[in-house]
Amino acid sequence: MMKDPGRLRRAAVLGLATLAAGMSAFAVSDARAEYPDRPITLVIAYGPGGATDISGRSLAVPLGKIIPQPLLVVNRAGAGGATGAVSVRDAAPDGYTMMVSRVGTHTVNPAMKATLPYKLAEFEEVGVYEINPVACAVKEDSDIKSMDDLVAKIKAAPKTVSYSSSGVGSLLHIAGAMAVREFGVENPVEELIHIPLKGGGAAATAVLAGTATFICTNSSALASFVANKQLRPLMVTTKEPVPGFEAPTAADLGKPNLHQLVGWSGIGAPKGLPAEVTEKWRGWMKEATSDKDFLETMTKRGSVIQLMSPEESAAFIQKQYELFTKLVNDLGMRVEG
Amino acid sequence: MNVFDDLAAAWPLVANLESFLALAGGITIGVIAGAIPGMSATMAVALTLPFTFAMQPITGILLLLGVYKGGIFGGSIPAILIKTPGTPASSATILDGYPMAEKGQAGKALDMALYASCTADMISNLSLIMFAGWLASFALSFGPPEFFTLILFSLTIIAGVSGDSLIKGLLAAVFGLLLATVGLDLVYGTNRFTFNDANLMGGLNFIAVLIGLFAIPEILAYVWRPRSDKGQIRALGEQHVTFAEYRRCFRTIIRGSFIGVFLGSIPGIGAAPAAFLSYSEARRRSPNKKNFGKGELEGVAASESGNNGVAGATLIPLLALGVPGDVITAIIIGAFMVHGLQPGPMMFVANANIIYALFMGLIISSVLLFFIGGVAIRMFRYIVDVPKSVLMPAVLILCVFGVYAVNNNVFDVIVMFLMGWLGYFMLRNDIPAAPFLIAFILGPLLEDNFRQAMLMSNGAADILFRSWITWFFWGATFLTIAALVRTGLRQRSEAAEALRATTSE
């Protein structure tokens, strides 16, 4: 059978060579394509200790174990998140500069601020992973017991009821106006007093101290005040009730529009991320958000962990952005600067 | 259960190895982080937070409190040795600490910083334990109008830290106010001096300004005249604070501690204004008034007791109301919540043992701070021995890294160098830097609170007189200004008389 062992050998050598070449070609292309091959920077556009920082750093713990390269978490705060967001927008969309996207940087600021140096369309989303229900609350000893009481009071004496926020163009700024508008106050900008304060903690304290009448903010920021019977919740904006908040949901009150009014965190990137990078992150996010410790820490802080796919995230953000933009246009709330 | 039952129930929570290790470890981390310029106590606490999730609640919280307290003290070490405040809270310590180091008394200044810090820390902790409820309800009666008058009064500090010339002090304060307006304004989000630059929209970073203003001018001055200090080797400064000196400063330390407690219990002010207020009060009342700013031991005692007095007191609104007084306590609230604890009045009922365990832990922390701080001083003291030709470049590198680390932004480093040149210009013209800094800190607070008060009242000015607190601070402000004017007039007439006496001869 073996008439020509030389030919066979040649064939074998050739075959092996082809195989080796193929493998090496594969290895080369693999080395080029295999993301990540160097450390990834995760920018947090807010200062240490804030809600975004804690959320992002908590996620970075399981992510750091999953991602084969180091994940560097850096805070780049300033101008309500604009400084950090701009630095990410200007980075190359190669998956090595990512950011913790947040309701403030991605929907509220672009909807409200006319002079914002970036646009929502300049970013891409690999996954929204956290939803923060919004709750409205007044001081415990207030005679306002429900949203209807609040609205009746505003209508009875315009420009006497005030609400606090963590600054112009914050979620709290838009939330207070949007909530009472849904309940029939036609022009909240004219009929309410908006008192901006430095940060969410100061905003909640202002209601406690009587500086402002009510506040609408992330339920986690109010949880301890509600548990301590210092503040009384009037409503939560989610479909499901929020544990610890004995208040009707927006669904109970028949205001489904308010379901859009929630805080959220996700992982974002500059526009133009390669598809394989998005795919990698989709897998990583899935694994990281099912981490037991992460789930426990975040849930205890009052967050709802719910991972959206990149497509769902983009749709969710776009919808919220459009809703906020419309509200801002209707009410003339745009910050012209 | 009465207090003693609570104490008995809480003791086992604290009296274990983990709690002591957590406190000692926390203080050590804090002192080291505080001593590195640009690495603030806030950052150290934020970076330690994730490690506490896996610990027992009390151990984790004690670790964070240790970092906080260590950080506030640690900041005074570079402030004294290299004129670079390690944390914003220690900027007032520079005023007398660095001149003392220049005179070869670094050891003494550091010792006094430690003694004042520990004494104030203890007083602050005891105030927390005894007056938490009372001070908390007082703090809640501070709305924007009350804040406005308090800040207005605090601005009179400028006169106390202006040195010889009030006019130059006011000039520096105006510079400070002007630069503090850069960025987005709070009430309408207006861009001020931002030139459409995203970096400028965030305003000038406080730490970059601080380091630029104090540390960089020293380096520039040295580069300009590198041989000016040749032959003049700064002594290691083995001198210690004697008991007599401690007793002489004791009144100042107590006063500073209570200023710290008072300002610390009001959310939103922080440790740096407390240190400056304590300093200017000490100067106003001291027989050695002339020596302040030139290396007066009492000045170091005043500022260090002022800033450490804040440390325990910021826990008053935190524990009694669930309100974070500053960024650090906001992070610590996060640590409570991760462990399912809700700080606030109910916690005294529901988790009284944890509250009392924290109290005991805090008392222990003051003692531990004394020993760990002592070791740190002994280690860091040798920095004064390093020749300036080696020290200055090292400080420069440290400053650049530190300022970059705050926000991971090169822009802040540029701000630091520009501020450095401004500081150098001021140094050469004997314009004091401290009023600049005070205006930079307090100016935005004054504006924000004024505008918030006006929003509350729809523009009616009578809201600025709505409570006895506002009347108190209006009165205090006018009295201080009247006293300043009177002293100024007397000095002028004395000078005129002296002139007349010499010309008539």
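The questions and answers below go through a predicted model with chains A and B.

Me: How many residues of chain B are in contact with chain A?
Reply: Two residues count as in contact if their C-beta atoms, placed from the backbone, lie within 7 Å. By that rule chain A brings 47 residues to the contact. On the other side, the number from chain B is 49.

Me: Which class of residue has 20 members on the side of chain A that touches chain B?
Reply: Several elements of chain A give two or more residues to this side, among them helix H2 (51–66), strand S2 (71–75) and helix H11 (292–300). Sorted by class, this side has 9 charged and 18 polar residues. The class with 20 residues is nonpolar.

Me: What distance separates the centres of the two domains of chain A?
Reply: The domain assignment gives domain 1 of chain A as 40–131 + 262–331, and domain 2 as 134–260. Their centres are taken over C-alpha atoms. The separation is 25 Å.

Me: Which element gives the most to the side of domain 1 of chain A that touches domain 2 of chain A?
Reply: The contact takes 19 residues from domain 1 of chain A and 18 residues from domain 2 of chain A. On the domain 1 side, the elements that give two or more residues are helix H4 (103–112) and helix H12 (310–331) of chain A. With 6 residues, the one that gives the most is H12(A).

Me: How many charged residues are on the side of domain 1 of chain A that touches domain 2 of chain A?
Reply: The residues of this side divide into three classes, with 9 nonpolar and 7 polar. The number that are charged is 3.

Me: Which strands stand at the edges of the open sheet of 6 strands in chain A?
Reply: The strands of this sheet follow the order S2-S1-S3-S10-S4-S11, and the pairing is mixed. Inside the sheet, strand S3 (residues 97–102) pairs with strand S10 (residues 263–270) of chain A in the antiparallel sense over 4 bridges, and A:Ser101 has A:Gly266 as its bridge partner there. An edge strand has a single partner strand, so one side of it is left without a neighbour in the sheet. The edge strands are S2 and S11 (304–305) of chain A.

Me: Which residue stands opposite A:Cys136 in S8(A)?
Reply: Strand S5 (residues 134–139) of chain A has 5 of its 6 residues buried. It pairs in the antiparallel sense with strand S8 (residues 214–218) of chain A, over 5 bridges. Opposite A:Cys136 in S8(A) stands A:Cys216.

Me: What is the bridge partner of A:Ala135 in S9(A)?
Reply: S5(A) also pairs with strand S9 (residues 231–236) of chain A, in the antiparallel sense and over 5 bridges. S9(A) is mostly covered, with 6 of its 6 residues buried. In this pairing A:Val138 stands opposite A:Arg232. The bridge partner of A:Ala135 is A:Val236.

Me: Why does the radius of gyration of chain B agree with a compact globule?
Reply: Chain B has 505 residues, and a compact globule with that number would have a radius of gyration near 23 Å. Its C-alpha atoms fill a box of roughly 80 × 60 × 55 Å along the principal axes. The radius of gyration agrees because the value for chain B is 23 Å.

Me: What share of the contacts in chain B with a separation of 6 or more comes from residues 24 or more positions apart?
Reply: The secondary structure of chain B comes to 23 helices and 2 strands. Of its 505 residues, 59% count as buried. Residues 24 or more positions apart account for a share of 79%.

Me: How many of the 11 residues of helix H8 of chain B are buried?
Reply: This helix covers residues 144–154 and is largely enclosed by the rest of the structure. Its buried residues include B:Pro144, B:Phe148, B:Leu150 and B:Phe153. The number buried is 10.

Me: Which helix gives the largest share of the largest nonpolar core?
Reply: This core has 273 residues, and those that touch the most other members are A:Ala137, B:Ile80 and B:Ile438. B:Ile438 touches residues including B:Ile157, B:Val161 and B:Phe276. The core also draws at least three residues from each of domain 1 and domain 2 of chain A. The largest share, 18 residues, comes from helix H7 (residues 106–140) of chain B.

Methods
Residues are numbered from 1 along each chain as its sequence is written. Chains are lettered from A and ligands numbered from 1 in the order in which they are written. This is a predicted model: local features need pLDDT of at least 70, side-chain atom pairs count only at pLDDT 80 or more; totals for chains, interfaces and linings use all residues. Ala, Val, Leu, Ile, Met, Phe, Trp, Tyr, Cys and Pro count as nonpolar, Asp, Glu, Lys and Arg as charged, and the others, Gly among them, as polar. Domain bounds come from an automatic or database domain assignment. The radius of gyration is taken over C-alpha atoms; the globule rule is 2.2 Å times the number of residues to the power 0.38. A residue is buried if 20 or more other C-beta atoms lie within 10 Å of its own, exposed if 12 or fewer, and partly exposed in between; C-beta atoms are placed from the backbone. A nonpolar core is a set of buried Ala, Val, Leu, Ile, Met, Phe, Trp, Tyr and Cys residues joined through C-beta atoms within 7 Å. Two strands pair if DSSP finds at least two bridges between them. Lists of a residue's contacts leave out its neighbours within four places in sequence.
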